[in-house]
Amino acid sequence: MRVPKTFYSFFCAFFFLTYVGAQETTQTWKAVFTDLALDSVSSIRLETHYRTFDFFGERAQYIIRPSYTKKINPYIRLSAGYSFLGTTKGELSLDEHNIWEQIFYSIPLRKAIFFGWLRAEQRLMEQSSNEFKGGGRIRFRMGVRYPLAALAHGNLDLMVFNEVFMITERSLPTTFNQNWNFFGFRIPLAPKTVLATGYQRITAGSGAAAVQKNLWASILFVRI
């Protein structure tokens with residue numbers, strides 16, 4: 001296997017971004033996505049997420065997210081699921097329950113693959129001990145994967161995406177919530193195992209109240 005020079009350029013840029021991010025607060029986000037096929041068009045997934053405050057710090061959030069997916073055609077999949085989130089805020093540990101529905105698309109164009117989703121969430125968020133508030137949110141993700149080198153179990157891909165979160169009122173997006181930028185790599189480790197890892201920048205809120213977070217995010221995808 002010969003890795004092209006472009007990979008090293010992207011890799012250097014990748015670590016430069018991480019170094020710049022480390023001048024602020026750098027967190028980690030680790031996740032495992034486990035998929036089980038039910039038949040040729042449907043599957044179930046269990047996501048487990050774990051985020052820390054600092055690179056090797058205490059837990060900031062964990063997520064448990066089971067879901068069901070149905071393949072409509074080679075380019076579109078529909079999903080629905082439930083999420084439980086436990087988030088640490090100061091001395092409090094606050095929970096969230098949400099139900100969500102999603103349309104995912106993946107479109108090949110020349111060598112690249114363009115992908116993204118539209119996800120709607122119906123949320124029940126804990127404000128203080130045993131006090132919950134309802135709300136809605138919609139998420140728009142757009143991204144691209146581009147092959148850099150052939151590995152034993154598939155292509156090493158450069159992966160970039162942007163995701164915008166909007167608070168909804170009467171099912172319509174009205175208020176900006178947060179934005180995610182991701183720059184990293186998709187690495188096939190085995191026939192049924194893929195690692196996506198990279199630098200993620202989160203902007204939450206807007207104006208003077210905006211909060212910037214830098215994460216090293218890694219997701220291990222496993223098919224069983």
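Where is arginine 110 found? Arginine 110 sits in the loop between strand 5 (92-109) and strand 6 (112-128). I shall return to this residue after describing the fold around it. Please bear in mind throughout that we are looking at a predicted model.

Let me begin with the chain as a whole. It contains 1 helix and 11 strands, and along the sequence these follow the pattern α-β-β-β-β-β-β-β-β-β-β-β. The 11 strands close into a barrel, in the order 1-2-3-4-5-6-7-8-9-10-11, with mixed pairing. On average, neighbouring strands of this sheet are turned by 20° against each other, direction ignored. As a general reminder, strands of a sheet pair through backbone hydrogen bonds, either parallel or antiparallel.

Some totals may help to place this. The chain has 224 residues, and 39% of them count as buried. Its accessible surface comes to about 12900 Å², and carbon and sulfur atoms account for 63% of that. If we take contacts between residues at least 6 apart in sequence, 46% join residues at least 24 apart.

Now to the strands themselves, starting where the barrel closes. In which sense do strand 1 and strand 11 pair, parallel or antiparallel? Their pairing is parallel, over 10 bridges. Within it, threonine 26 stands opposite asparagine 214 of strand 11. The next residue to consider is glutamine 27, also in strand 1. Glutamine 27 is buried because its relative accessible area is 5%, and the cut-off for that class is under 20%. The C-alpha atoms of glutamine 27 and arginine 59 lie 9.8 Å apart, although the two residues are separated by 32 positions in sequence.

On its other side, strand 1 runs antiparallel to strand 2, and 9 bridges join them. Valine 32, for instance, faces threonine 48 in strand 2. These two strands form a hairpin with 4 residues between them.

Valine 41 belongs to that connection, being in the loop between strand 1 (26-37) and strand 2 (42-52). Is valine 41 buried, partly exposed or exposed? With a relative accessible area of 34%, valine 41 is partly exposed, because that value falls between the 20% and 50% limits. Leaving aside residues up to four places away in sequence, valine 41 touches Thr69, Lys70 and Lys71. Valine 41 and isoleucine 72 are 7.5 Å apart, C-alpha to C-alpha, with 31 residues of sequence separation.

Moving along the sheet, strand 2 pairs with strand 3 (residues 59-73) in the antiparallel sense, over 11 bridges. In this pairing leucine 46 has proline 66 of strand 3 as its bridge partner. Strand 3 in turn pairs antiparallel with strand 4 (residues 76-89), over 10 bridges. Here threonine 69, which we have just met as a contact of valine 41, has serine 79 of strand 4 as its bridge partner. The hairpin of strand 3 and strand 4 has 2 residues between the strands.

Strand 4 and strand 5 are also antiparallel, paired over 14 bridges. Arginine 77 is placed opposite phenylalanine 104 of strand 5. Their hairpin has 2 residues between the strands, and glycine 90 there takes a positive phi near 65°.

That brings us back to arginine 110. Most residues other than glycine have a negative phi. Arginine 110, however, has a positive phi, near 55°. Arginine 110 counts as exposed because its relative accessibility is 84%, and the limit is over 50%. Arginine 170 also has a positive phi near 55°, and its place is the loop between strand 8 (154-169) and strand 9 (172-190). Arginine 170 is exposed as well, with a relative accessible area of 83%.

Finally, the surface. Which residues make the nonpolar surface patch of about 450 Å²? They are Leu36, Leu38, Ile44, Tyr68 and Ile224. The last of these, isoleucine 224, lies in the segment after strand 11 (211-223). Isoleucine 224 is exposed, at 60% relative accessible area.

To close, the picture is of 11 strands in a barrel, with strand 1 and strand 11 paired in the parallel sense. Thank you for your attention.

Terms used. Residues are numbered from 1 along each chain as its sequence is written. This is a predicted model: local features need pLDDT of at least 70, side-chain atom pairs count only at pLDDT 80 or more; totals for chains, interfaces and linings use all residues. Side-chain values use heavy atoms; hydrogens and water are left out. Buried means under 20% relative accessible area, exposed over 50%, partly exposed in between (1.4 Å probe, protein chains only). Contact means heavy atoms within 4.5 Å. Two strands pair if DSSP finds at least two bridges between them. Axes are lines fitted to C-alpha atoms, for helices over the stretch in contact, and angles run from 0 to 180 degrees between N-to-C directions. Patches are made of residues with over 30% relative accessible area and no salt bridge: like charges are joined within 9 Å, nonpolar side chains (Val, Leu, Ile, Met, Phe, Trp, Tyr) within 5 Å. Accessible areas come from the Shrake-Rupley method with a 1.4 Å probe; for residues, only the protein chains shown count as cover. A salt bridge is a side-chain nitrogen of Lys or Arg within 4 Å of a carboxyl oxygen of Asp or Glu.
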